[in-house]
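Student: Could you take me through one part of this model in close detail? I'd like to hear how a pair of helices packs, and then what the cavities look like.

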Amino acid sequence: ALATMACLTLVVGLSASLFVYRAWNENRTMRREKAEEKALGLAMTGDLKGAIEAIDSAKSYGAREDWALMLLGQVDLFEGKSADAVRRLEDAVSQGSKESVMEHSILAQAYLADGQWKNYEQQVDKLLSMSAVTPRDQLFQGHAIYVHSTEKGLELMSSALKERSDFQLGRVLRARARIYKALDRGDKNLLGDAELDLAVASESLKDNPLLSHARLYARLAAYSFSKRAGDMEKAKSDLDEAAADVRKLEEHPSFLFGNALRLYFHSFRSEWPEMERVMEEVIEHGNGGFVADAYLSHCFGARRNRDALKRLDRMSNQEDMYVLSSRTILLSETQAERERADAICSKLIQEYPQGDMSYVGWFLLGKQDDAIQAAKTYAKSMTVATERSFDKDKISYRGGEIDAKQFLELAGKSEQRLGQAYFHIGVRLLAEQERERALDNFERSAATLIFHVTEVAWAQAFVKRMKDDPKWPEWLLVEPVDVDGE
């Protein structure tokens, strides 16, 4: 009896200890997850100091080292230090679980921001084959792929928010994807869902820079729809409403995507001093070259090439794909610089054959045969993701495998794809000395008003140059002459 009682006492004691341990472990897990969520929110808004403190707190409850690296990479990404973000996130992926959906998702975004399209597409391939473990994983998985696969990305984000309706930053991310879809479909009514997300998120986030960015994106999209409908009074009102969030984003001068939208806003108003001020911040904080497109294309359209080139020379990453491709366009109309422009084109094609703008310089230099052959060569090394996407169709057109009519048919009803297609058709026609047909295609590209598409911004600049000067671009249409662009 005593032995039985002793055994019973031991069992009860062990059960109690196990219960206490489980309760302690569950409490520790809850504290870790709470600290992780706080650190994530701070990292997404670029608060390095706050993020580090929250990371240290999360690590005290068992957060992994690779997870901490991932969040530091997220801070780099917010600030536009895309190359640094790529390095940190590649380390995080290599040190952590190979199936960490969130780490692969943020790495995909870093590749996209850094202009590493091929690596981005490979990450998309991987993410499409992965299964998210938590709603948070699913949210970031959807956000990483929506640029490539909009419907799938939105499906994943909406599924995540059904389970985690309290994650307000998730609503902001979904709103951005919904705005992107509205612009691509040319359907203003789709903005309503995005605005609903932002209204709900505004109740708790208030002055969050990601919220300001998404609201500004929504207002600029509304401006595009109003302008396209010919309602210039409403378009002006849309920009006036956007001004408040522009001012809020001025408080975050290192915010990569915030700077991009601020440049678009000021370019719509042709506010040169404000554009130049934002460009100085872009240069100071080492933002990626794609942010500068709105400014550089606007300079090109206004024959202010020298101003554009001076600022390009001061950008931190001179090997950035966007910096190089913009430089070739700006240099192409100066006879003394065409040899240099040709050399940069060769470098672009060798290092960034997947870049749509990599080939434009050669067409502007009258070297379309070289561009066509380079596109044919690259077509042999496309990723699986490229094979499934419109990128393949752009490469096929560039390489002469399909004609303009087929290219436009493949673009379908996507405003983004049509904006890209019309621009590239126009560039080829210009190289073939078909000036009027080229202008018509540039006008069609510009008319889509998809402001965040590089080709549309440059199409608007080409239209302005061609309408301001009936002989432009004379070096392609007659014997070369020295054209300074000033």
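Tutor: Quick definition to start: axes are lines fitted to C-alpha atoms, for helices over the stretch in contact, and angles run from 0 to 180 degrees between N-to-C directions. Keep in mind that this is a predicted model. Now take helix α10 (residues 191–205) and helix α11 (residues 209–228): they pack at an angle of about 155°, and their axes are 10 Å apart. Angles over 145 degrees count as roughly antiparallel, so α10 is roughly antiparallel to α11. The crossing of α10 past α11 is left-handed. On the α10 side, the contact is made by Leu191, Glu195, Leu198, Ala201, Ser202 and Leu205. Facing them from α11 are Leu211, Ala214, Arg215, Ala218, Arg219, Ala221, Ala222 and Phe225. Sorted by class, that contact has ten nonpolar, one polar and three charged residues.

Phe225 of α11 also turns up in a cavity lining, so to speak of cavities next: the whole structure has two of 30 Å³ or more. The second largest has a volume of about 40 Å³, and α11 gives the most to its lining, with three residues. Ser224, Phe225 and Arg228 are among the lining residues, along with Leu183, Gly186, Glu415, Thr448, Leu449 and Ile450. That lining divides into four nonpolar, three polar and two charged residues.

The largest cavity holds about 80 Å³ of space. Its lining includes Tyr359, Phe363, Tyr397, Arg398, Phe407 and His424, and the elements that give two or more residues to it are α19, α22 and α24. By class, you get six nonpolar, one polar and four charged residues there.

Conventions: Residues numbered from 1 in each chain as written. Predicted model: local features only at pLDDT ≥ 70, side-chain atom pairs only at ≥ 80, totals over all residues. Heavy atoms only, no water. Helix = DSSP H or I, 4+ residues; strand = E, 2+ residues; numbered from the N terminus. Parallel < 35°, antiparallel > 145°, perpendicular 65-115°, else oblique. Left-handed = near helix turned anticlockwise from the far one by under 90°. Contact = heavy atoms within 4.5 Å. Nonpolar A, V, L, I, M, F, W, Y, C, P; charged D, E, K, R; others polar. 1 Å grid on protein atoms, 1.4 Å probe; cavity = no way out; pocket = protein on both sides within 12 Å on 5 of 7 lines; lining within 4 Å. Points joined across faces, edges and corners; volume = space filled by probe spheres on them.
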